[in-house]
Amino acid sequence: MRKFNLTILSAIVGSVAVLAYADGHISDKQISAGIKARQSQMQLYAFNLGALGAMAKGDVPYDADAAGSAANNLAALASLSQAGYWLPGSDSNSVEGSRALPAIWAADSKVGEKGKAFYDAVIAMQAAAGTDLGALQAAMGAVGKSCGSCHEDYRKPKG
């Protein structure tokens with residue numbers, strides 16, 4: 001737990017430092033790279049969640065090794081610092097192709113809390129996924145809820 005707290009603290013401090021420096025110093029190239037990085041990470045989340053969801057729904061047979069591997073991937077992804085992905089000026093009002101709503105950067109944003117809820121759900125999934133189908137199914141709800149909660153508030157709908 002101490003390692004997690006230090007990791008979160010480092011990510012927050014790093015994010016604040018990046019944002020403080022970046023204010024007025026962000027190039028279009030940096031913004032584009034950040035958007036591509038976060039979209040790529042979301043695709044990797046979706047790929048691994050798709051494998052877990054298919055097992056949980058019974059669309060494919062439950063495989064403890066495959067479930068554990070996908071859950072480990074999610075945990076590794078959720079542990080990455082995203083400080084360089086979410087640069088001011090990379091929102092849907094500023095850049096075509098971005099679905100990130102400006103509310104992410106608002107002073108009253110709860111995006112950090114939602115990120116923590118996602119991380120906690122993913123870590124619980126990691127512990128459960130390779131155990132048995134019932135444990136995987138039980139863990140899927142919290143992961144899905146945390147994803148949906150953030151997307152509802154902070155992601156522009158398609159179209």
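1. A good place to start is the cover over helix H3: what lies over its buried residues includes H2 and helix H4 (111-128). Please keep in mind that this is a predicted model. The buried residues of H3 are Ala67, Gly68, Ala70, Ala71, Leu74, Ala75, Leu77 and Ala78.

2. On the geometry of H3 itself, the helix has 16 residues. From its first C-alpha to its last it reaches 22 Å, close to the 22 Å expected at 1.5 Å a residue.

3. Now to the pairing with H2. Two packed helices are described by the angle between their axes and the distance between the axes. Here the axes of H2 (residues 28-57) and H3 (residues 64-79) cross at roughly 155° and come within 9 Å. Angles over 145 degrees count as roughly antiparallel, so H2 and H3 are roughly antiparallel to each other. Their crossing is left-handed.

4. You may like to have the contact residues at hand. H2 brings Gln41, Leu44, Tyr45, Asn48, Leu49, Leu52 and Met55, while H3 brings Ala66, Ala67, Ala70, Ala71, Asn73, Leu74, Leu77 and Ala78. By class, twelve of the residues in this contact are nonpolar, three are polar and none is charged.

5. One residue to look at in the viewer is leucine 44, which is found in helix H2. Is leucine 44 partly exposed or buried? Buried would require under 20% relative accessible area; leucine 44 has 42%, and is therefore partly exposed. Its C-alpha atom is separated by 8.0 Å from that of leucine 77, with the two leucines 33 residues apart along the chain.

Notes:
Residues numbered from 1 in each chain as written. Predicted model: local features only at pLDDT ≥ 70, side-chain atom pairs only at ≥ 80, totals over all residues. Heavy atoms only, no water. Axes fitted to C-alpha atoms, helices over the stretch in contact; angles between N-to-C directions. Helix = DSSP H or I, 4+ residues; strand = E, 2+ residues; numbered from the N terminus. Parallel < 35°, antiparallel > 145°, perpendicular 65-115°, else oblique. Left-handed = near helix turned anticlockwise from the far one by under 90°. Contact = heavy atoms within 4.5 Å. Nonpolar A, V, L, I, M, F, W, Y, C, P; charged D, E, K, R; others polar. Expected span 1.5 Å × (residues − 1). Buried < 20%, exposed > 50% of the residue type's maximum accessible area, 1.4 Å probe, protein only.
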